[in-house]
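Visitor: I am new to this structure. Please show it to me and walk me through some of its helices and strands.

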Amino acid sequence: MKAAIFDTFGGPISIETVPDPSVVAGGVVLQVNATGLCRSDWHGWMGHDADIRLPHVPGHELAGTIVETGKGVKRFKVGDRVTVPFVGGCGHCEQCTSGNHQVCDHQFQPGFTHWGSFAEYVSIHYADVNLVKLPDSVEFRTAASLGCRFITSYRAVVHQGRLKQGEWVAIHGCGGVGLSALMIAKAAGAQVIAIDIQPKALSLAQHLGADVLVNAREVEVVEAVKEASHGGAHLSIDALGSKHTAYNSVANLRKRGRHVQVGLLAGNDFEPRLPMQLVVANELEILGSHGMQAHAYPEMMAQIASGRLKPERMIDSEISLEDACRLLPKIGTEGLPGVSIITRF
């Protein structure tokens, strides 16, 4: 099969012909019909994920068609249109048996623990636990846009953040994760403050319904959020992952507010300084959000199928596998507003 592959962290990414993936017991092989280009792929390419072994094929936001099933697969068959969470559970550990597959003790992550979806085919383990059937009305490119960012944002806003109608939400970073969180928060009836440093990203946020735009290059973020929300955000999300956005996201909360960390912190941002004095004095909550379990997808899929949520509105471009090799290294320095989906292999 054809795949995008690298053999040095931070090094060249090239298109190569590599062996087709093998099906494992309990797993399936998918033909990849669409896969997203995500900042998490950049983190993997940079060497920020200890699970990656070189050479490596990235890609974790995917949708495709089952072409082969392994021994023991009961819920899926060849020809099924499916997607998969970027964190897959084993189905047997303490976390999985409690329903928390997103923090499985033995997690399977295409594009990280195993070769991913920047390829014509990909092998998926623990299929009965992790695969999600796609409604006929949901296109492959829309399903691929759910991948890491939309499902993580959905859980961050709805399940972890416990957003209520009418609350103020501050979203730090308007890339794919931030724009997803914005759409989900607006659908829930919230008022949203979108924060970024790029005019194009803020323009996209405005197009998707942001109530207030804050350019972090031009104003002091915490003060701007508190002024716009009349005292601070009820819920604040760091959708980028930096020491500055993490600090601001906690500091711009009103009393008893909730901060959810979604953006990955790496390199010099790995251990950010946070205003813990405010956490104590104002009884703030600090929460993490790491993907979403396959069994939790139906609630979100129903809203997509009904048109209440429209993740396809975030798709900025459809690109080729060759384009991904060129664009992935740029994510860390230039950012890619909106969502790019690989649909040409």
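Guide: Contact here means heavy atoms within 4.5 Å. Keep in mind that this is a predicted model.

Visitor: Which residues of H5 does H4 meet?
Guide: Look at H4, residues 140–160, and H5, residues 176–187. From H4, the residues in contact are Arg149, Phe150, Ser153, Tyr154, Val157 and Val158. Their counterparts in H5 are Gly176, Val177, Ser180, Ala181, Ile184 and Ala185.

Visitor: How many residues of each class does the contact of H4 with H5 have?
Guide: Ala, Val, Ile, Phe and Tyr are among those that count as nonpolar. Arg counts as charged, while Gly counts as polar. By class, the contact has eight nonpolar, three polar and one charged residues.

Visitor: Is H4 parallel or oblique to H5?
Guide: The two axes come within 8 Å and cross at roughly 50 degrees. Angles under 35 degrees count as roughly parallel, and 65 to 115 as roughly perpendicular. The crossing angle therefore makes H4 oblique to H5.

Visitor: Is the crossing of H4 and H5 left-handed or right-handed?
Guide: Handedness depends on how the near helix is turned from the far one. Clockwise, by less than a right angle, counts as right-handed. H4 passes H5 in a crossing that is right-handed.

Visitor: How many of the 10 residues of strand E3 are buried?
Guide: E3 spans residues 28–37. Buried means under 20% relative accessible area. E3 is largely enclosed by the rest of the structure, because the buried residues number eight.

Visitor: In which sense does E3 pair with E4, E6 and E15?
Guide: With E4, residues 62–69, E3 has seven bridges, and alanine 34 stands opposite alanine 63. With E6, residues 121–124, there are four bridges, and valine 28 stands opposite isoleucine 124. With E15, residues 339–344, there are three bridges, and leucine 37 has serine 340 as its partner. In each pairing the sense is antiparallel.

Visitor: Which strands are at the edge of the open sheet of six strands?
Guide: The order is E10-E9-E8-E11-E12-E13, with parallel pairing. An edge strand pairs on one side only. The edge strands are E10 (212–215) and E13 (285–288).

Visitor: By how many degrees are neighbouring strands of this sheet turned against each other?
Guide: The value is an average, with direction ignored. It comes to 20 degrees.

Visitor: What is the bridge partner of histidine 172 in E11?
Guide: Strand E8, residues 168–172, runs parallel to E11, residues 233–238. Four bridges join them. In E11, the partner of histidine 172 is aspartate 238.

Notes. Residues numbered from 1 in each chain as written. Predicted model: local features only at pLDDT ≥ 70, side-chain atom pairs only at ≥ 80, totals over all residues. Heavy atoms only, no water. Axes fitted to C-alpha atoms, helices over the stretch in contact; angles between N-to-C directions. Helix = DSSP H or I, 4+ residues; strand = E, 2+ residues; numbered from the N terminus. Parallel < 35°, antiparallel > 145°, perpendicular 65-115°, else oblique. Buried < 20%, exposed > 50% of the residue type's maximum accessible area, 1.4 Å probe, protein only. Pairing = 2+ DSSP bridges.
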